[in-house]
Amino acid sequence: MDNLLLLQTFLRTLERGSFSAVGRAQGISQSAVSKQIASLEETLGMQLFRRTTRKLSPTAEALQLYPHVRQLIDAVDVVRSETRGVPATGVAGTLRVTMPGAFGRRLIMPLLPQLLARHPRLILDLVFTDSTLDLVEEGMELGIRVGQLPSSTLVTRTLGMEQQMVVASPEYLKRHGRPESPQDLADHSCIAYAYAQRWSRWEFDSENGRQAVEISGAIRVNDLDAICEATLSHLGVSLVPAWRVNADIQSGKLEALLTDYYATPQPINIVYPQTRFLSQRARVFIDFVLEHVKGL
């Protein structure tokens, strides 16, 4: 078997923490990854991973071997890039990242030309979904999550806070009136975000303290862009991130409501599995996003 392939599989296994994650990323079975690691262990005459039914742990020998293999693979990538006429600058390899659809489309995608210009050998495999994926099982190195995070073993880096706004179309307000307080929302058709932890409860702060209201309506949807489209179609009132509707408010397509109240902002986090080795491409992506996604 190709020794270079075995070493690449070793790196990916150490960085991603499981055979299944590497298999998903490479499009091969978990057993195929396991066989490649076993073949490398036989070739080197040492055990690289301790295997249990729940966990894959690197041995001391694997930890000692890692920086040398990383240097070797990086050198091979440089040679390959130079022979193909690609500048050997920046990081290389494939990075798999999952994030909410609207966030990815509207905030991350416009930044990618700049990121890829800095790192022409980087390949991004992006999965847009508002579902919370199991990063290890799905072979993801990173995930961007919006909202309160449940307790888990994931490592978290906070990007910032997402400011929320209550909005509706002028046509909807003409037909149904304008809510003047959070409690008035109980009498309106509210468009709920299905993946919110408490989708039927909207919370606000004001000079008089925190207020919460149970909302209801004809539509509950699991995609932010769809919520905004429904709002623009005069189907109800929505609670959405300010960055998503600022342009529609400025153009007069939507109106901001309850401006004397402060809707609870939502945290934006980058998460990744607990592993001793976060790849350099993942670190570059995290630093780049932290640099550019601010002040939402």
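## Salt bridges and the domain boundary

A salt bridge is taken here as a side-chain nitrogen of Lys or Arg within 4 Å of a carboxyl oxygen of Asp or Glu. By that criterion, the count between domain 1 and domain 2 of this predicted model is zero salt bridges. Polar contacts tell a similar story for this boundary, with zero residue pairs counted between domain 1 and domain 2 where both residues are at pLDDT 80 or more.

## Domain layout

The protein is divided into three domains: domain 1 covers 3-62, domain 2 is assembled from 93-160 + 267-292, and domain 3 covers 164-264. Taken over C-alpha atoms, the centres of domain 1 and domain 2 are separated by 23 Å. The contact between these two domains draws on eight residues from domain 1 and 11 residues from domain 2.

## The interface between domain 1 and domain 2

The size of an interface is often given as the accessible area lost when the parts come together. For domain 1 and domain 2 the area buried between them is about 930 Å², of which 47% lies on carbon and sulfur atoms. On the domain 1 side, Glu15, Arg16 and Arg24 supply 64% of the area buried against domain 2, which is more than any other three residues.

Which helices supply the side of domain 1 that touches domain 2 with at least two residues each? They are helix H1 (3-16) and helix H2 (19-26), and the largest share, four residues, comes from H2. By residue class, the side of domain 1 that touches domain 2 divides into three nonpolar, two polar and three charged residues.

## A salt bridge between two helices

Although none is counted between domain 1 and domain 2, the structure holds 15 salt bridges. One of these salt bridges pairs Arg106 with Asp225, whose closest N and O atoms are 2.9 Å apart. Arg106 lies in helix H5 (residues 101-108) and Asp225 in helix H8 (residues 224-232), so this pair ties together parts that are 119 residues apart in sequence.

## The five-stranded sheet

Five strands form an open sheet with mixed pairing, and their order is E11-E8-E12-E7-E13. The edges are strand E11 (220-221) and strand E13 (255-257), each of which pairs on one side only.

The antiparallel part of this sheet includes strand E7 (residues 164-168), which three bridges join to E13; within this part of the sheet, Val167 stands opposite Ala256 in E13. Parallel pairing is found where two bridges join strand E8 (residues 190-193) to strand E12 (residues 237-241), and here Ile191 stands opposite Ser238 in E12. E8 also pairs with E11 in the parallel sense, over two bridges, and the bridge partner of Ala192 in E11 is Arg220.

## The three-stranded sheet

How are the strands ordered in the open sheet of three strands, and in which sense do they pair? The order is E10-E9-E14, and the pairing is antiparallel. Strand E10 (209-214) and strand E14 (262-263) are the edge strands, each pairing on one side only. Six bridges join strand E9 (residues 201-206) to E10 in an antiparallel arrangement, and Trp202 stands opposite Val213 in E10.

Technical notes. Residues numbered from 1 in each chain as written. Predicted model: local features only at pLDDT ≥ 70, side-chain atom pairs only at ≥ 80, totals over all residues. Heavy atoms only, no water. Domains from an automatic or database assignment. Contact = heavy atoms within 4.5 Å. Buried area = accessible area lost by both parts, 1.4 Å probe. Polar contact = N/O pair within 3.5 Å; in protein donor to acceptor, adjacent residues only side chain to side chain. Nonpolar A, V, L, I, M, F, W, Y, C, P; charged D, E, K, R; others polar. Pairing = 2+ DSSP bridges.
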